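Please walk through the structure shown here, beginning with the surroundings of the ligand and moving from there to the nonpolar interior.

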Amino acid sequence: MAILSRIAAVTRNKGQDMKTSSRILASIGTGIACTALVACGGGEGSGDAGGSGGGDAQQAFEARDAYMQELGDAIIVLNEMAGEQRPVDEAAFLAAARTISDRAPDMLEYFENQTIVPMSRTKPEVFANWDDFTSKHSALVQASSALTAAASSGGFAAGRPLVVPLRDTCGGCHRPYRGPEPQ
Ligand code: HEC
C-alpha cells in the first residue's frame with residue numbers, strides 16, 4: 001500500500017506520463033510495470049533488481065526479436081532451397097534445420113516476461129491464451145525436430161517435404177498472436 005501511494009504521488013507530480021510511471025514502477029522493482037499487459041516504456045535501463053516479472057522491457061523485447069530473427073534467417077534458407085530459389089547445399093540445409101530445432105524449445109523463455117513495448121508485435125492474447133500459445137509452440141518444436149531427424153538421415157531429399165509443414169507452424173502462431181508491424 002505504501003508503494004502504491006508513493007507511485008500515485010510521483011505520478012501526480014509528473015503529470016499523467018505513463019512511461020514515467022512505468023519506469024518508476026520498474027525501478028521500485030515490484031515487477032508490476034512489465035507484467036501489466038500494456039506498453040512498458042523502458043529503453044533507459046532503470047536498474048531494476050530483476051526477478052521473474054521485472055527487468056528492462058526494451059532489452060527483453062530486443063532479445064526476443066533477435067531470437068525470432070534467428071528463426072527467420074533459417075527458415076529463409078529452408079524455404080528457398082525447397083522452392084528451388086537457391087541451389088541445394090546439403091550442409092546449409094541441415095544447419096538451418098538444426099538452428100530451428102535447437103532453438104525452438106527456448107521460445108517460451110522470451111515471452112514469460114510478458115513484455116510488450118511499442119515496437120513489439122506481440123498481442124496481449126498471447127498471455128490471455130497462454131495454454132493455446134504453448135500448444136502452438138509445441139507444434140513448432142515437433143515439426144522442427146521431425147525436419148532435423150529427416151535431414152540428418154536422408155538429407156535434403158528427405159527433409160524437403162517437411163519444410164512447408166514446419167513453416168505452417170510459424171504462421172499458425174503468427175496469425176493469432178503477432179500483430180501488424182509498427183509504422
Ligand atoms: C508460438 C508462437 C510463435 C511461433 C511458433 C513462431 N513465432 Fe515468430 N513471433 C511470434 C510473436 C508473438 C512475435 C512478435 C514478437 C514481438 O514483436 O514481441 C514473433 C515475431 C517473429 C519475427 C520478428 C520479426 C517481425 O517483425 O515480425 C520473426 C522473424 C519470426 N517471428 C519468425 C518466426 C519463424 C521463422 C517461426 C517458425 C520457424 C516462428 N517465428 C514461429 C510468435 C511465434
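In this predicted model, the shell around the ligand draws at least two residues from each of three helices, namely H4 (57-82), H7 (130-159) and H8 (163-177). Of these contributions, that of H4 is the most, at eight residues. The ligand is surrounded by 24 residues, the closest of which are Met68, Gly72, Thr122, Cys170 and Cys173; by character, the residues of the shell divide into 11 nonpolar, seven polar and six charged.

H4 deserves a look of its own. Its 26 residues should span 38 Å at 1.5 Å a residue, and because the C-alpha atoms at its ends are 37 Å apart, the expected and the modelled span agree. Along H4, the buried residues are Ala57, Ala60, Phe61, Arg64, Ala74, Leu78, Met81 and Ala82. After H4 comes Glu84, whose phi is positive, near 60°.

In soluble globular proteins, nonpolar side chains tend to be buried together. Here the largest nonpolar core comprises 17 residues, and those touching the most other members are Leu78, Phe93, Ala96, Ala97, Leu147 and Val163. At least two residues of this core come from each of H4, helix H5 (90-103), H7 and H8. Ala97, leaving aside residues up to four places away in sequence, touches Leu78, Leu147, Thr148, Ala151 and Gly159. Apart from this largest core lies another, of five residues, among them Ala57, Ala60, Phe61 and Val117.

Terms used. Residues are numbered from 1 along each chain as its sequence is written. This is a predicted model: local features need pLDDT of at least 70, side-chain atom pairs count only at pLDDT 80 or more; totals for chains, interfaces and linings use all residues. A residue is near a molecule or strand if its C-beta atom, placed from the backbone, lies within 6 Å of it. Helices (H or I, at least four residues) and strands (E, at least two) are DSSP runs, numbered from the N terminus. Ala, Val, Leu, Ile, Met, Phe, Trp, Tyr, Cys and Pro count as nonpolar, Asp, Glu, Lys and Arg as charged, and the others, Gly among them, as polar. A nonpolar core is a set of buried Ala, Val, Leu, Ile, Met, Phe, Trp, Tyr and Cys residues joined through C-beta atoms within 7 Å. A residue is buried if 20 or more other C-beta atoms lie within 10 Å of its own, exposed if 12 or fewer, and partly exposed in between; C-beta atoms are placed from the backbone. Two residues are in contact if their C-beta atoms, placed from the backbone, lie within 7 Å. The expected span of a helix is 1.5 Å times one less than its number of residues.
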